[in-house]
Amino acid sequence: METKKTQLEQIAADIREKNVCPDLAKHATNLVMGDGNLDSDIVLIGEAPGKNEDLQGLPFVGAAGKFLNEMLAAAGLDRQDVYITNIVKYRPPNNRDPLPEEKAAFWPYLLKQLQVIDPKVVITLGRHSMEYFLPGMNIGAIHGQPKRVQFGDHTIVVMPLFHPAAALYNGGLRQTLIDDFLKVPAVMTQLETLPDRT
Ligand code: URA
(Lines give C-alpha, C1' and ligand atoms only; values in the text may rest on other atoms or scores of the structure.)
Protein backbone atom coordinates (compact mmCIF):
# COMPACT_ATOMS: atom_id res chain seq x y z
CA MET A 1 0.00 0.00 0.00
CA GLU A 2 1.49 3.30 -1.09
CA THR A 3 1.73 6.02 1.51
CA LYS A 4 -0.35 9.17 1.12
CA LYS A 5 2.86 11.11 0.47
CA THR A 6 3.77 8.82 -2.43
CA GLN A 7 0.25 9.05 -3.86
CA LEU A 8 0.34 12.85 -3.74
CA GLU A 9 3.77 12.88 -5.39
CA GLN A 10 2.27 10.77 -8.16
CA ILE A 11 -0.49 13.36 -8.69
CA ALA A 12 2.18 16.08 -9.03
CA ALA A 13 4.09 13.88 -11.47
CA ASP A 14 0.88 13.39 -13.51
CA ILE A 15 0.29 17.15 -13.69
CA ARG A 16 3.81 17.65 -15.05
CA GLU A 17 3.63 14.71 -17.42
CA LYS A 18 0.22 15.71 -18.85
CA ASN A 19 1.50 19.27 -19.21
CA VAL A 20 -1.55 20.78 -17.47
CA CYS A 21 -1.90 24.52 -18.23
CA PRO A 22 1.35 24.88 -20.18
CA ASP A 23 0.97 28.66 -20.42
CA LEU A 24 0.98 28.95 -16.64
CA ALA A 25 3.69 26.32 -16.20
CA LYS A 26 6.00 28.17 -18.57
CA HIS A 27 6.14 31.22 -16.28
CA ALA A 28 5.95 29.43 -12.93
CA THR A 29 8.92 28.75 -10.66
CA ASN A 30 7.14 25.94 -8.84
CA LEU A 31 4.15 23.66 -9.03
CA VAL A 32 2.43 24.41 -5.70
CA MET A 33 0.65 21.21 -4.69
CA GLY A 34 -0.18 21.84 -1.03
CA ASP A 35 1.17 21.69 2.48
CA GLY A 36 0.24 20.34 5.89
CA ASN A 37 -1.09 17.24 7.59
CA LEU A 38 -1.95 14.45 5.17
CA ASP A 39 -4.19 12.80 7.77
CA SER A 40 -6.13 15.94 8.60
CA ASP A 41 -9.92 16.01 8.77
CA ILE A 42 -9.79 19.54 7.32
CA VAL A 43 -8.57 20.64 3.89
CA LEU A 44 -8.55 24.35 2.99
CA ILE A 45 -8.68 25.26 -0.69
CA GLY A 46 -7.70 28.68 -2.01
CA GLU A 47 -7.52 30.12 -5.48
CA ALA A 48 -4.00 29.95 -6.93
CA PRO A 49 -0.41 30.62 -5.80
CA GLY A 50 0.77 34.22 -5.69
CA LYS A 51 4.34 35.51 -6.00
CA ASN A 52 5.65 34.24 -2.66
CA GLU A 53 3.90 30.90 -3.05
CA ASP A 54 5.39 30.45 -6.51
CA LEU A 55 8.88 31.23 -5.24
CA GLN A 56 8.67 28.98 -2.17
CA GLY A 57 6.55 26.21 -3.69
CA LEU A 58 4.14 26.39 -0.75
CA PRO A 59 0.55 27.68 -0.51
CA PHE A 60 -0.44 30.72 1.54
CA VAL A 61 2.98 31.92 2.68
CA GLY A 62 2.48 35.65 1.86
CA ALA A 63 0.31 38.29 3.54
CA ALA A 64 -2.93 36.34 3.02
CA GLY A 65 -1.19 33.28 4.49
CA LYS A 66 -0.13 35.18 7.60
CA PHE A 67 -3.74 36.27 8.11
CA LEU A 68 -4.91 32.70 7.48
CA ASN A 69 -2.48 31.39 10.13
CA GLU A 70 -3.83 33.94 12.63
CA MET A 71 -7.43 32.85 11.96
CA LEU A 72 -6.52 29.18 12.26
CA ALA A 73 -4.86 29.92 15.60
CA ALA A 74 -7.94 31.87 16.78
CA ALA A 75 -10.04 28.78 15.95
CA GLY A 76 -7.65 26.63 17.99
CA LEU A 77 -6.02 25.08 14.93
CA ASP A 78 -2.38 24.99 14.02
CA ARG A 79 -1.35 25.14 10.41
CA GLN A 80 0.22 21.71 10.87
CA ASP A 81 -3.21 20.33 11.90
CA VAL A 82 -4.77 21.03 8.50
CA TYR A 83 -3.90 20.56 4.84
CA ILE A 84 -3.87 23.62 2.57
CA THR A 85 -3.99 23.69 -1.21
CA ASN A 86 -5.43 25.69 -4.13
CA ILE A 87 -7.69 24.86 -7.03
CA VAL A 88 -5.08 26.12 -9.54
CA LYS A 89 -1.55 24.98 -8.82
CA TYR A 90 0.57 27.37 -10.89
CA ARG A 91 0.71 31.11 -10.37
CA PRO A 92 -1.37 33.08 -12.92
CA PRO A 93 0.63 35.98 -14.40
CA ASN A 94 0.43 39.17 -12.31
CA ASN A 95 -1.91 37.33 -9.91
CA ARG A 96 -4.83 37.65 -12.27
CA ASP A 97 -7.93 35.59 -11.52
CA PRO A 98 -7.60 32.00 -12.70
CA LEU A 99 -9.47 31.40 -15.96
CA PRO A 100 -12.42 28.98 -16.10
CA GLU A 101 -10.40 26.59 -18.27
CA GLU A 102 -7.49 26.67 -15.79
CA LYS A 103 -9.79 25.78 -12.90
CA ALA A 104 -11.41 23.04 -14.98
CA ALA A 105 -8.00 21.63 -15.94
CA PHE A 106 -6.85 21.32 -12.32
CA TRP A 107 -10.19 20.18 -10.83
CA PRO A 108 -9.66 16.42 -11.45
CA TYR A 109 -6.28 16.60 -9.71
CA LEU A 110 -7.79 18.41 -6.74
CA LEU A 111 -10.39 15.65 -6.48
CA LYS A 112 -7.61 13.05 -6.53
CA GLN A 113 -5.82 14.92 -3.74
CA LEU A 114 -9.01 14.86 -1.69
CA GLN A 115 -9.45 11.13 -2.32
CA VAL A 116 -5.96 10.54 -0.91
CA ILE A 117 -6.24 12.83 2.12
CA ASP A 118 -9.89 11.88 2.73
CA PRO A 119 -10.91 14.85 4.93
CA LYS A 120 -14.27 15.24 6.64
CA VAL A 121 -14.48 18.96 5.92
CA VAL A 122 -13.40 21.07 2.96
CA ILE A 123 -13.11 24.79 3.62
CA THR A 124 -13.25 26.75 0.40
CA LEU A 125 -11.52 30.14 0.51
CA GLY A 126 -13.15 32.48 -1.99
CA ARG A 127 -15.53 31.91 -4.85
CA HIS A 128 -13.07 30.23 -7.25
CA SER A 129 -12.89 27.03 -5.24
CA MET A 130 -16.43 27.37 -3.84
CA GLU A 131 -18.04 27.31 -7.28
CA TYR A 132 -16.76 23.79 -7.90
CA PHE A 133 -18.08 22.34 -4.64
CA LEU A 134 -21.30 24.37 -4.43
CA PRO A 135 -22.12 25.29 -8.03
CA GLY A 136 -24.56 28.12 -8.57
CA MET A 137 -24.32 29.39 -5.01
CA ASN A 138 -23.45 32.92 -4.00
CA ILE A 139 -20.66 33.32 -1.45
CA GLY A 140 -22.21 36.51 -0.07
CA ALA A 141 -25.32 34.55 0.84
CA ILE A 142 -23.87 31.27 2.13
CA HIS A 143 -20.45 32.10 3.64
CA GLY A 144 -19.92 30.40 6.99
CA GLN A 145 -22.77 27.92 6.42
CA PRO A 146 -21.52 24.33 6.21
CA LYS A 147 -23.28 22.01 3.78
CA ARG A 148 -23.06 18.27 3.23
CA VAL A 149 -22.18 17.43 -0.36
CA GLN A 150 -22.20 14.01 -2.02
CA PHE A 151 -19.09 13.17 -4.08
CA GLY A 152 -19.38 9.73 -5.66
CA ASP A 153 -19.73 7.42 -2.68
CA HIS A 154 -18.33 10.01 -0.26
CA THR A 155 -20.16 12.66 1.73
CA ILE A 156 -18.09 15.63 2.78
CA VAL A 157 -18.98 18.83 4.54
CA VAL A 158 -18.12 21.97 2.59
CA MET A 159 -17.70 25.20 4.53
CA PRO A 160 -17.56 28.20 2.16
CA LEU A 161 -15.54 31.14 3.48
CA PHE A 162 -14.40 34.43 1.97
CA HIS A 163 -10.85 34.61 0.67
CA PRO A 164 -8.33 35.95 3.20
CA ALA A 165 -6.75 38.25 0.59
CA ALA A 166 -10.14 39.84 -0.14
CA ALA A 167 -10.83 40.29 3.58
CA LEU A 168 -7.36 41.41 4.65
CA TYR A 169 -7.80 45.12 4.02
CA ASN A 170 -11.60 45.32 4.15
CA GLY A 171 -12.68 45.92 7.76
CA GLY A 172 -16.22 44.52 7.51
CA LEU A 173 -15.26 41.48 5.50
CA ARG A 174 -12.27 40.86 7.74
CA GLN A 175 -14.43 40.54 10.85
CA THR A 176 -16.96 38.38 8.97
CA LEU A 177 -14.20 36.00 7.92
CA ILE A 178 -12.79 35.83 11.45
CA ASP A 179 -16.29 35.14 12.83
CA ASP A 180 -16.83 32.40 10.22
CA PHE A 181 -13.47 30.81 11.09
CA LEU A 182 -14.44 30.69 14.75
CA LYS A 183 -17.38 28.44 13.77
CA VAL A 184 -15.05 25.69 12.49
CA PRO A 185 -14.55 23.84 15.82
CA ALA A 186 -18.34 23.58 16.33
CA VAL A 187 -18.77 22.34 12.74
CA MET A 188 -16.25 19.57 13.45
CA THR A 189 -18.35 18.32 16.34
CA GLN A 190 -21.67 18.45 14.43
CA LEU A 191 -20.70 16.78 11.17
CA GLU A 192 -23.57 14.28 11.05
CA THR A 193 -26.32 16.80 11.72
CA LEU A 194 -25.54 19.46 9.10
CA PRO A 195 -28.00 20.22 6.27
CA ASP A 196 -27.48 18.82 2.78
CA ARG A 197 -26.75 21.14 -0.08
CA THR A 198 -30.06 22.65 -1.18
N1 URA B 1 -4.00 33.11 -2.33
C2 URA B 1 -4.43 31.89 -2.67
O3 URA B 1 -5.57 31.71 -3.07
N4 URA B 1 -3.60 30.89 -2.56
C5 URA B 1 -2.38 31.01 -2.11
O6 URA B 1 -1.69 30.02 -2.02
C7 URA B 1 -1.94 32.31 -1.75
C8 URA B 1 -2.76 33.34 -1.87
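The following exercises, with worked solutions, concern a predicted model.

Residues are numbered from 1 along each chain as its sequence is written, and side-chain values use heavy atoms, with hydrogens and water left out. Local features need pLDDT of at least 70 and side-chain atom pairs count only at pLDDT 80 or more, whereas totals for chains, interfaces and linings use all residues.

**Exercise 1. The annotated domain**

Task: State which residues the UniProt domain annotation covers, and describe the chain over residues 33–182.

Solution. Step 1: According to the unreviewed UniProt entry, the annotation "domain: Uracil-DNA glycosylase-like" covers residues 33–182. UniProt positions are given in the numbering used here, feature names are shortened, and annotations may be inferred rather than shown by experiment.
Step 2: Over residues 33–182 the chain is 42% helix and 19% strand. Helices (H or I, at least four residues) and strands (E, at least two) are DSSP runs, numbered from the N terminus.
Step 3: The end C-alpha atoms of this stretch are 26 Å apart.

**Exercise 2. Helix H1**

Task: Determine what span helix H1 reaches, and where around the axis of H1 its buried residues fall.

Solution. Step 1: Helix H1 (residues 4–17) has 14 residues and reaches 20 Å from its first C-alpha to its last, close to the 20 Å expected at 1.5 Å a residue. The expected span is 1.5 Å times one less than the number of residues.
Step 2: Leu 8, Ile 11, Ala 12, Asp 14 and Ile 15 are the buried residues of H1. Buried means under 20% relative accessible area, exposed over 50%, and partly exposed in between (1.4 Å probe, protein chains only).
Step 3: Viewed down the axis of H1, the buried residues fall within an arc of 155°, so they line one face of the helix. The arc is that of the directions from the helix axis to the C-beta atoms.
Step 4: Lys 5, Arg 16 and Glu 17 are exposed on the other side of H1.
Step 5: The cover over the buried residues of H1 includes strand S3 (83–86) and H5. After H1 comes Asn 19, which has a positive phi near 55°.

**Exercise 3. The sheet and helix H9**

Task: Give the order of the strands in the sheet, and identify which strands helix H9 touches.

Solution. Step 1: Six strands form an open sheet with mixed pairing, in the order S1-S3-S2-S4-S6-S5. Two strands pair if DSSP finds at least two bridges between them.
Step 2: Strand S1 (35–36) and strand S5 (147–151) stand at the edges with a single partner strand each, so one side of each is left without a neighbour in the sheet.
Step 3: Strand S4 (residues 121–125) and strand S6 (residues 154–161) pair in the parallel sense over five bridges. Ile 123 stands opposite Met 159 in S6, and Thr 124 opposite Pro 160.
Step 4: Helix H9 (residues 171–181) packs on the sheet and touches strand S2 (42–46), S4 and S6; the direction of H9 makes about 150° with that of S6. Axes are lines fitted to C-alpha atoms, for helices over the stretch in contact, and angles run from 0 to 180 degrees between N-to-C directions.
Step 5: Leu 177, Asp 180 and Phe 181 of H9 are buried. These residues cover an arc of only 100° around the axis, which puts them on the same side of H9.
Step 6: S5 and S6 pair in the antiparallel sense over five bridges, with Phe 151 opposite His 154 in S6. In their hairpin, which has two residues between the strands, Gly 152 takes a positive phi near 60°.
Step 7: S6 is mostly covered, with six of its eight residues buried.

**Exercise 4. Two residues of helix H5 and one of H8**

Task: Decide whether Lys 103 is buried or exposed, and likewise Pro 164 and Ala 104.

Solution. Step 1: Lys 103 lies in helix H5 and is buried, with a relative accessible area of 4%. Leaving aside neighbours within four places in sequence, Lys 103 is in contact (heavy atoms within 4.5 Å) with Ile 87, Val 88, Pro 98, His 128, Glu 131 and Tyr 132.
Step 2: Ala 104 also lies in H5 (residues 100–117), but is partly exposed at 39% relative accessible area.
Step 3: Pro 164 lies in helix H8 and is buried, with a relative accessible area of 0%. Residues up to four places away in sequence not counted, Pro 164 touches Phe 60, Ala 64, Phe 67, Leu 68, Met 71, Leu 125 and Leu 177.
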